[in-house]
Amino acid sequence: MRIVVLPGGPRQDDDGNKRYRPVMMDFDARANILATEVQDDWEPSIREQWHENQAKVRRELIAHFGEHGFDAKLQNFIDLGAKPFSILAYHNQFLEQARFAFIIGAYYPALVGACTLGERILNHLVINLRQEFATSPHYKHLYKKRSFDNWPKMIDALRDWEVLLPPVVNGFIALNSIRNNSVHFRHELDKDAREPALEAIRLLERIIDGQFSAFGTNHWFIPNITGASFLRREVEDLPFIRLVFIPNCFLISNRHQMHFTYDGVMVTDEFSDSRRELTDEQFASGEF
């Protein structure tokens, strides 16, 4: 029998053969389509399809960003590259706004927006997770405030709580340096804010891709599953995973099917009355 699965459902006693799969996500890969160079030696039908896809993306961008100065907007869009495949967390709508500002040439708002969004992500993580680490030495410095502007203090706490991955820690340290150089007065920004803005957005997106990606090789994913990502059983109780990832996941077996509709994603799954507890390796191999 098939059942319809809702996202973010709690695990029950008889769910040992299921794993959480991130499904609710945000991305935009159209820049990759535009950046692809159509080769002369491709099959004619393939070349034609690529040209049609690129023309369609250009029409979408003109409708979104306007015709005035479109060539510059198009180059900005391509230079930004694809938006990361990210679960829905603390950053999606504001990252989109920072990218929008950069594309239309509002480089300083894009620069400041990317930097302050980095600070906002750190604040969200600290405020939402700090109670989980009440015995930590960092807690006494963090438990009262409603917001923080001390990046090193937040980064150190989240690193010691093993929330932020090491490359993400380095990314936040680098973004903080850009933030300090952009928020405090510098004449250089009067001449060129584009390159710092592009650097800040790209760095922020590497942070998001490293910490919030719905795909990848991070230690919380089961390895060796092609075309999908599932959370390892033993990470489900980690505060970061429980708070950020699981609300964007479907708890499903390896016999599920995904259906893309106008209303979003619907997942159906095989019903099993088995209480068997599968290991991650057994789940990945297709045992049921």
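## Contacts of Leu231

Contact here means that heavy atoms lie within 4.5 Å. In this predicted model, and leaving aside residues up to four places away in sequence, Leu231 touches Arg19, Tyr20, Trp220, Phe221, Ile222, Ile241, Phe245, Ile246 and Cys249.

## Nonpolar cores

Leu231 is also one of the residues with the most contacts inside the largest nonpolar core, a group that further includes Leu125, Phe172, Phe212, Trp220, Phe240 and Phe245. This core has 65 residues, and its largest share, 10 residues, is supplied by helix α5, which covers residues 107-129. Another core, of 9 residues, lies apart from it, with Ile225, Ala228, Phe250 and Phe283 among its members.

## Helix α8

Helix α8 is made of 18 residues (166-183), which at 1.5 Å a residue should span 26 Å; the end C-alpha atoms are 26 Å apart, and the two values therefore agree.

The buried residues of α8 are Val168, Val169, Gly171, Phe172, Leu175, Asn176, Ile178, Arg179 and Ser182, and they pack against α5, α7 (151-160), α9 (188-191) and α10 (194-212). An α-helix has 3.6 residues a turn, so residues three or four places apart point the same way. Phe172, listed among the buried residues of α8, is also named among the residues with the most contacts inside the largest nonpolar core.

## A nonpolar surface patch

At the surface, Phe27, Phe85 and Phe215 make a nonpolar patch of about 250 Å². Phe85 belongs to strand β4, residues 83-87, and counts as partly exposed because its relative accessibility is 32%, a value between the 20% limit for buried and the 50% limit for exposed residues.

Key
Residues are numbered from 1 along each chain as its sequence is written. This is a predicted model: local features need pLDDT of at least 70, side-chain atom pairs count only at pLDDT 80 or more; totals for chains, interfaces and linings use all residues. Side-chain values use heavy atoms; hydrogens and water are left out. A nonpolar core is a set of buried Ala, Val, Leu, Ile, Met, Phe, Trp, Tyr and Cys residues joined through side-chain atoms within 4.5 Å. Buried means under 20% relative accessible area, exposed over 50%, partly exposed in between (1.4 Å probe, protein chains only). Helices (H or I, at least four residues) and strands (E, at least two) are DSSP runs, numbered from the N terminus. Patches are made of residues with over 30% relative accessible area and no salt bridge: like charges are joined within 9 Å, nonpolar side chains (Val, Leu, Ile, Met, Phe, Trp, Tyr) within 5 Å. Accessible areas come from the Shrake-Rupley method with a 1.4 Å probe; for residues, only the protein chains shown count as cover. A salt bridge is a side-chain nitrogen of Lys or Arg within 4 Å of a carboxyl oxygen of Asp or Glu. The expected span of a helix is 1.5 Å times one less than its number of residues.
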